[in-house]
Amino acid sequence: MNRIEQKLQEDQKILSIYFSAGYPNLNDTVQIIQDLEKNGVDLIEIGLPFSDPLADGPTIQESSTAALHNGMTTEILFSQLKDIRKTVSIPLIIMGYFNPMMQYGVEAFCAKCAEVGIDGLIIPDLPVDVYADEYQAIFEKHGLINVFLITPQTSDERIRFIDSVSNGFIYMVSSASVTGSQSGFGSTQEDYFKRIANMNLKNQQIIGFGINNAETFNQATEYAKGAIIGSAFIKHLTEEGTSKISEFVKAIR
């Protein structure tokens, strides 16, 4: 069983943290992953920096740009991760855009992910229809879970289609915005959370966008299996470096 599926079976709410590989410094990637696990994070999304992101707000865009300037590439990331499973056991997901994966070769990229111990991918610009028609067999061959995003604007019909081709969890975007652009959830978002919860999907949901402290984490996980924090953690890295990761995680739960 994939590590993501194993983690989802545990009787606890999942805290997932996103950061950009190669930020603040090129070789910080492995230390950040190790420190996050050591401090109780359940799942990590490793951002593969790309020059033309779609859904990322200013904080993540700036960290990706800095990582690219630091020299981060797909090849370097795989090199950094080659021994990660000697020290880290929690699920690891690479989140990035499809262009670098296509340039690397989709089959080769998936094979390399499996080789270094990556459990899944989040690719915001890979449509679920294209995935199902052209790439699902490749992902499954290499034991990778592909995580799809839904938003408040996603139709019930499409949500059910995404659910049918998914394994693991569905990334539930809290609102129609970019990352890091909001704080707190209003009644509209809570109604959306309830609507999805009442659909009784086969895959559990983890909520992202707008989770930045203990209050929003608890709000989100009232309706979903877990929550993802990205921009707030990157701001913490920007201000504090990598030495105070434990303080950030302890402030969430």
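**Figure 1. Asp28, a buried acidic residue without a salt bridge**. In this predicted model, Asp28 is buried (under 20% relative accessible area, where over 50% is exposed and partly exposed lies in between, for a 1.4 Å probe and protein chains only). Asp28 nevertheless has no salt bridge, a term that denotes a side-chain nitrogen of Lys or Arg within 4 Å of a carboxyl oxygen of Asp or Glu. The nearest side chain of opposite charge, that of Lys38, is 13 Å away; Lys and Arg count as positive and Asp and Glu as negative, while His and the chain ends are not counted. Asp28 is placed in the loop between strand S1 (14-20) and helix H2 (29-38). Helices (H or I, at least four residues) and strands (E, at least two) are DSSP runs numbered from the N terminus. With residues up to four places away in sequence set aside, Asp28 touches Tyr23 and Thr242, contact being defined as heavy atoms within 4.5 Å. Residues are numbered from 1 along each chain as its sequence is written. Because the model is predicted, local features need pLDDT of at least 70 and side-chain atom pairs count only at pLDDT 80 or more, whereas totals for chains, interfaces and linings use all residues; side-chain values use heavy atoms, with hydrogens and water left out.

**Figure 2. The open sheet and its edge strands**. The sheet has 9 strands in the order S5-S4-S3-S2-S1-S9-S8-S7-S6, with parallel pairing. Strand S5 (145-147) and strand S6 (149-150) stand at the edges with a single partner strand each, so one side of each is left without a neighbour in the sheet. Two strands are said to pair if DSSP finds at least two bridges between them. Strands of a sheet pair through backbone hydrogen bonds, either parallel or antiparallel. At the S5 edge, 3 bridges join S5 to strand S4 (residues 120-122), and the two run parallel. Leu121 stands opposite Asn146 in S5.

**Figure 3. Strand S3, covered on both faces**. In strand S3 (residues 92-95), Leu92 and Ile94 lie on one side and Ile93 and Met95 on the other, and all are buried. In a regular strand the side chains alternate between the two faces of the sheet. Strand S2 (residues 43-47) is joined to S3 by 4 bridges, in the parallel sense, with Glu45 opposite Ile93. S3 also pairs with S4 in the parallel sense, over 3 bridges; here the bridge partner of Ile93 is Gly120.

**Figure 4. Val249 in helix H12**. Val249 belongs to helix H12 (residues 245-252) and is buried, with a relative accessible area of 3%. Its contacts, leaving aside neighbours within four places in sequence, are Leu15, Leu36, Asn39 and Val41. The C-alpha atoms of Val249 and Asp35 are separated by 9.9 Å, although the two residues are 214 residues apart along the chain.

**Figure 5. Gln189 and the backbone of Gly186**. Gln189 is situated in helix H9 (residues 187-197) and counts as buried at 14% relative accessibility. A polar atom of the Gln189 side chain lies 3.0 Å from the backbone nitrogen of Gly186.

**Figure 6. Salt bridges of the chain**. Side chains of opposite charge can pair when their charged atoms come close. The count comes to 13 salt bridges. One of them joins Asp129 to Arg158, with the closest N and O atoms 2.6 Å apart. Asp129 lies in helix H7 (residues 128-141) and Arg158 in helix H8 (residues 156-165), so this pair ties together parts that are 29 residues apart in sequence. Asp129 is partly exposed at 32% relative accessibility, and Arg158 is partly exposed with a relative accessible area of 34%. The side chains of Asp83 and Lys82 also meet in a salt bridge (3.1 Å, N to O); Asp83 is partly exposed at 35%, whereas Lys82 is exposed at 53%. Another salt bridge brings together Lys244 and Glu240 (3.5 Å, N to O). Lys7, Glu10, Asp42 and Arg253 are joined into one network by salt bridges that share partners.

Methods:
A polar contact is a pair of N or O atoms within 3.5 Å; within protein, one must be able to donate a hydrogen and the other to accept it, and residues adjacent in sequence count only if both atoms are side-chain atoms.
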